[in-house]
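Work through these short exercises with the sequence and the 3D view side by side. Try each task before you read its solution.

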Amino acid sequence: MPHYPDEIEYSEKYQDNTYEYRHVILTKPSAKELYKMTGGKRLLNESEWRGLGVQQSRGWVHYETHRPEPHILLFRRALGTDPTTGLAPATAA
């Protein structure tokens, strides 16, 4: 049986050499709204996940859904992204 928190839960950030990551666990009402919006078949854009009540700095992208528990959203952003503007650092050419 899935764990639904009373309030949206945010993991600590973790990273690899390219991205920083975090996961977000939705409440049951938010998860129901997510399913209405997507049928569990696609990723959310920023306005959609913010509309569900997810609050985090700019630059985060919903890149994967945890299939066994679709109310857990996985986010990532490039290392060095400005959290105020959401702009990723310029890559070296």
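**Exercises on a predicted model**

Glu48 is buried, at a relative accessible area of 17% (buried means under 20% relative accessible area, exposed over 50%, partly exposed in between, with a 1.4 Å probe and protein chains only). The model is predicted, so local features need pLDDT of at least 70 and side-chain atom pairs count only at pLDDT 80 or more, while totals for chains, interfaces and linings use all residues. Residues are numbered from 1 along each chain as its sequence is written, and side-chain values use heavy atoms, with hydrogens and water left out.

**Exercise 1.** Find the salt-bridge partner of Glu48 and state whether that partner is buried, partly exposed or exposed.

*Solution.*
- Step 1: recall the term. A salt bridge is a side-chain nitrogen of Lys or Arg within 4 Å of a carboxyl oxygen of Asp or Glu.
- Step 2: look for the partner. Arg42 forms a salt bridge with Glu48, at 2.7 Å from N to O.
- Step 3: check the surroundings. Arg42 is partly exposed, with a relative accessible area of 38%.

**Exercise 2.** Find how many salt bridges the whole structure holds, then describe the one between Glu20 and Arg77.

*Solution.*
- Step 1: count. A search of the whole structure gives three salt bridges.
- Step 2: take the pair. The closest N and O atoms of Glu20 and Arg77 are 2.6 Å apart.
- Step 3: place both ends. Glu20 is in strand E3 (residues 19-25) and Arg77 in strand E5 (residues 72-78), so this bridge ties together parts 57 residues apart in sequence. Strands (E, at least two residues) and helices (H or I, at least four) are DSSP runs, numbered from the N terminus.
- Step 4: check burial. Glu20 is buried at 13% relative accessible area. Arg77 is buried too, at 5%.

**Exercise 3.** Explain why Arg50 and Glu46 are separated by about one helical turn.

*Solution.*
- Step 1: confirm the bridge. The side chains of Arg50 and Glu46 meet at 2.8 Å, N to O.
- Step 2: count along the helix. Both lie in helix H2 (residues 46-51), four residues apart, which means about one helical turn between them.
- Step 3: check exposure. Arg50 is partly exposed at 31%, and Glu46 is partly exposed at 35%.

**Exercise 4.** Describe how E4 and E5 are joined, then locate Glu69.

*Solution.*
- Step 1: pair the strands. E4 (residues 61-65) and E5 run antiparallel and are joined by four bridges (two strands pair if DSSP finds at least two bridges between them).
- Step 2: pick one bridge. Glu64 has Leu74 as its partner in E5.
- Step 3: find the turn. The two strands form a hairpin with six residues between them.
- Step 4: locate Glu69. Glu69 sits in the loop between E4 and E5 and is partly exposed at 26%.
- Step 5: list contacts. Beyond its neighbours within four places in sequence, Glu69 is in contact with Pro2 and His3 (contact means heavy atoms within 4.5 Å).

**Exercise 5.** Which residues does Ser30 touch, leaving out those up to four places away in sequence?

*Solution.*
- Step 1: place Ser30. Ser30 lies in helix H1.
- Step 2: check burial. Its relative accessible area is 9%, so Ser30 is buried.
- Step 3: read off the contacts. Ser30 touches Ile8 and Leu52.
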